[in-house]
Protein chains: 2
Amino acid sequence: MDYEKELENFLDKDLQPITNGTKNKILHVAIDHFSQRGYRGVSIRQITRDVGIKESSLYKHFQNKDEILDTIFANFEVEVVKILPSSEQIEVVATSMDIRDFLERGLQNFVNHIENVSMRKIWRIIYNELFSDQRARTIYFETIINLTIERVGAIFEQMMRLGKLPRQDARMLSAEYHYPVFSLIMEYNFLKLEGKSTKDTEKRLQDHIDFFIKAVTN
Amino acid sequence: MDYEKELENFLDKDLQPITNGTKNKILHVAIDHFSQRGYRGVSIRQITRDVGIKESSLYKHFQNKDEILDTIFANFEVEVVKILPSSEQIEVVATSMDIRDFLERGLQNFVNHIENVSMRKIWRIIYNELFSDQRARTIYFETIINLTIERVGAIFEQMMRLGKLPRQDARMLSAEYHYPVFSLIMEYNFLKLEGKSTKDTEKRLQDHIDFFIKAVTN
DNA sequence: GTCTATATGTCGATAGAC
DNA sequence: GTCTATCGACATATAGAC
């Protein structure tokens, strides 16, 4: 179960697949270092040393240090959007699942996503750069938080129409569900960072689902 | 109402008041810079330039760069503990207030705290250094999150004994209340950083209190 | 696309005069 | 407790040979 996946090949910042092995390796090494010491705390020297090339060679693959981070963020955004329900799925999901199945399925999707070591590292980079990098802020607040709340809110709304949920402000309800989830995910990421057990956090996530369903359905 | 306070004088890392004007000014300038570009992103040169002294003079006040951050964190911890209900207050608070008054009073305490510009900047430093500084992690997760949940949980428990709340897991309830609050506070801090309006966030905080009270009392 | 060599700048910290 | 002057390390990035 603790089988940990890794992204093998990345996309470049224009979302074209990277076939060059060295370029892929640069990204792997950079992700590893950035996630541990932050973008500013990592030098081109350290990256190229671990890749096994000289500093000047790196500039054949990336124009500058910032383009490496750009590429990492582009890959992250592609992956993170995959775990959200798409607009086309609203109808079928709201019809075929009850509220508990839906929430637990969503959580499981996320757990699968975060079991990918590369993804978990990029999550840390995002947190790390929130205050110093506008791109990280945009991904976190607009893509992760707001888009998630909005998409799930649309499903809640459809469930209300189908009588599966009492009528109320669907977006607000989605926010109430997700804010604790985002906090706990952050906690989860930090515990993983320190190699500690995440069992408590996983239990709290489960408790939260229970609390939420109880609060929402009576 | 938008009168913004500032901490005038700091404590040194052993919590003794700092009377030296230059040393206080170094801390003010350092807080300002660290909060904008992170600890690593700020040089001693930049700090001393804005203080109006030479680099070598700074070392008469602090042994090294890290001791500046140490001092900032020590001051923050002192201030942040002040907004939590103390163990002695549990009894009287649980007796004299109902759940809504208590939550709104707590929120108001926090808003007062964060209206202090210095404090808000140090909040940003804490967020910024969460992944790279163990001290920041400890303050955030142990002092801010866990201690808050625990103290408020104790008050919830006492309210349950007094019949002001239905009996249930008090600590879990406190966590359910606080996780959205922490998320929204983080959002609030980022909006302030970008000079944007925090009205939506304040409304969501209010909505959350309403949702929580409704969920808890029926 | 890799290398050697180097340009140019910034960093934290110290020595020692006043 | 302020200053001038400086050290040694490390940063990003480029030129040009192969």
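This tour moves from chain A as a whole to DNA strand D and then to one residue of chain B.

**Before you start**

The model is predicted, and for this reason local features need pLDDT of at least 70 and side-chain atom pairs count only at pLDDT 80 or more, while totals for chains, interfaces and linings use all residues. Residues are numbered from 1 along each chain as its sequence is written, chains are lettered from A and ligands numbered from 1 in the order in which they are written, and side-chain values use heavy atoms, with hydrogens and water left out.

**Stop 1: select chain A**

Show chain A as a cartoon, and you will find 10 helices and 0 strands, where helices (H or I, at least four residues) and strands (E, at least two) are DSSP runs numbered from the N terminus. If you turn the chain along its principal axes, its C-alpha trace spans about 65 × 35 × 35 Å. Chain A has 218 residues, of which 54% count as buried; buried stands for under 20% relative accessible area, exposed for over 50%, and partly exposed for what lies in between, using a 1.4 Å probe and protein chains only.

**Stop 2: select DNA strand D and the residues around it**

There are 17 residues around DNA strand D, and those that come nearest are Arg45(A), Lys54(B), Ser56(B), Lys60(B) and His61(B); a residue is near a strand if one of its heavy atoms lies within 4 Å of it. Of the atoms of DNA strand D that come within 4 Å of the protein, sugar and phosphate account for 53%. Colour helix 2 (44–51) and helix 3 (55–58) of chain A and helix 3 (55–58) of chain B, since each of them supplies at least two residues of the surface near DNA strand D.

Now show side chains, and look for pairs of N or O atoms. In Tyr59(A), a side-chain N or O atom is 3.2 Å from a phosphate oxygen of DNA strand D, and in Asn20(B) such an atom is 3.3 Å from a phosphate oxygen of the strand. In Ser56(B), the partner is a base nitrogen of DNA strand D, at 2.6 Å from an N or O atom of the side chain.

**Stop 3: select Val51(B)**

Is Val51(B), which lies in helix 2 (residues 44–51) of chain B, buried or exposed? Val51(B) is buried, because its relative accessible area is 9%. Leaving aside neighbours within four places in sequence, Val51(B) is in contact (heavy atoms within 4.5 Å) with Thr22(B), Lys25(B), Ile26(B) and Val29(B). Finally, select Leu69(B) as well: Val51(B) and Leu69(B) are 18 residues apart in sequence and 16 Å apart in space, C-alpha to C-alpha.

Notes. A polar contact is a pair of N or O atoms within 3.5 Å; within protein, one must be able to donate a hydrogen and the other to accept it, and residues adjacent in sequence count only if both atoms are side-chain atoms.
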